[in-house]
Amino acid sequence: MNHVLIVSGHTDLAHDSVANKTIIETLQMLIPGVQVDRLDTLYPDYKIDVRAEQAKLQAAEVIVLQFPVFWYHMPSLMERWMECSFVHGFSHGASGDKLKGKKVVLSFTTGAPEQSYQRSLSSGVEIEDIIIPAVKAMCRLTQMDFAGYVFTGGVSYGDRQEHSEQIIEKARQHAQRVAKLIGGL
Ligand SMILES: Cc1cc2nc3c(=O)[nH]c(=O)nc-3n(C[C@H](O)[C@H](O)[C@H](O)COP(=O)(O)O)c2cc1C
């Protein structure tokens with residue numbers, strides 16, 4: 001199995017997550033030797049250790065970006081991590097090819113159910129209209145390969161009290177799909 005790095009962009013995985021926490025715990029059981037980069041515990045102050053993060057990225061063959069969708073984006077912490085780590089001369093630019101050939105997998109959750117992401121409905125967007133185009137463009141610029149995405153909707157923090165068992169089960173199934181995707185790379 002390729003060296004897999006899961007970058008977790010959730011802002012409080014320990015105290016305010018069910019879905020992402022379960023996905024990561026399940027992936028740790030399913031993928032031997034997987035490395036988890038917990039941005040919330042490493043950088044609660046958003047001060048990214050750029051050299052450390054670049055070293056982790058360079059060592060990885062498969063990079064999984066794991067996050068909950070917040071306002072149709074990645075959480076701000078993950079955006080900050082990307083802004084700081086993917087810089088000219090490292091990931092792109094004339095001599096910036098350190099990420100070339102690495103495979104990127106997106107793994108994310110939303111509170112709204114999957115079927116609500118339709119242009120004709122209230123959100124006005126398909127899931128492929130958000131985040132994915134920007135990550136594909138980033139992959140093209142940095143010479144990485146966009147290897148696909150796994151998305152699970154209907155796991156809102158607002159439903160945790162009533163539906164936590166269903167959320168955990170959906171999250172476990174999500175992790176199985178991520179592991180299968182990675183296994184096929
Ligand atoms: C600040 C904030 C913004 C959110 N924005 C969205 C959104 O744009 N679309 C959506 O479907 N869910 C949204 N949600 C719901 C989260 O995506 C959902 O609670 C999360 O995926 C559940 O994962 P967790 O249990 O790991 O926190 C938002 C939640 C928060 C806290």
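Rings of Phe, Tyr and Trp (its six-membered ring) pair if their centres lie within 6.5 Å; planes under 30 degrees apart count as stacked, over 60 as edge-to-face and the rest as tilted. Before we start, note that this is a predicted model, where local features need pLDDT of at least 70 and side-chain atom pairs count only at pLDDT 80 or more, while totals for chains, interfaces and linings use all residues. Residues are numbered from 1 along each chain as its sequence is written, and side-chain values use heavy atoms, with hydrogens and water left out.

**Exercise 1. Find the aromatic cluster and classify two of its ring pairs.**

Step 1: The structure holds 7 aromatic pairs. For F108 and Y149, the ring centres are 6.0 Å apart and the planes meet at 20°, so this pair is stacked. F108 belongs to strand β4 and Y149 to strand β5, 41 residues apart, so the pair links distant parts of the chain.

Step 2: Buried means under 20% relative accessible area, exposed over 50%, and partly exposed in between (1.4 Å probe, protein chains only). F108 counts as buried because its relative accessibility is 0%, whereas Y149, at 27%, counts as partly exposed.

Step 3: Now take Y117 and F151: with centres 6.1 Å apart and planes at 85°, their rings are edge-to-face. Y117 sits in the loop between β4 and α5 and F151 in strand β5, so this pair ties together parts 34 residues apart in sequence. Y117 is buried at 9% relative accessible area, and F151 is buried at 9% too.

Step 4: Put the rings together: F67, W71, Y72, F108, Y117, Y149 and F151 form one aromatic cluster.

**Exercise 2. Work out the sheet and the helices that lie across it.**

Step 1: Helices (H or I, at least four residues) and strands (E, at least two) are DSSP runs, numbered from the N terminus. The protein chain has 6 helices and 5 strands, in the pattern β-α-β-α-α-β-α-β-α-β-α along the sequence.

Step 2: Strands pair if DSSP finds at least two bridges between them. The 5 strands of the open sheet are ordered β2-β1-β3-β4-β5, with parallel pairing. At its edges are β2 (35-38) and β5 (145-152), each of which pairs on one side only. Neighbouring strands are turned by 20° against each other on average, direction ignored; axes are lines fitted to C-alpha atoms, for helices over the stretch in contact (heavy atoms within 4.5 Å), and angles run from 0 to 180 degrees between N-to-C directions.

Step 3: Strand β4 (residues 103-109) pairs with β5 over 7 bridges, in the parallel sense. In this pairing, L106 stands opposite Y149 in β5.

Step 4: Add two helices. Helix α4 (residues 76-85) lies across β1 (4-8), β2 and β3 (62-68), at about 150° to β3. Helix α5 (residues 132-142) lies across β4 and β5, at about 160° to β5.

**Exercise 3. Which loop residues, Y46 and Q143, have a positive phi, and how covered are they?**

Step 1: Phi of Y46 is near 65°, a positive value in a residue other than glycine. Y46 is found in the loop between α2 (39-42) and α3 (50-59), and counts as partly exposed because its relative accessibility is 32%.

Step 2: Phi of Q143 is also positive, near 65°. Q143 lies in the loop between α5 and β5 and, at 36% relative accessibility, counts as partly exposed.
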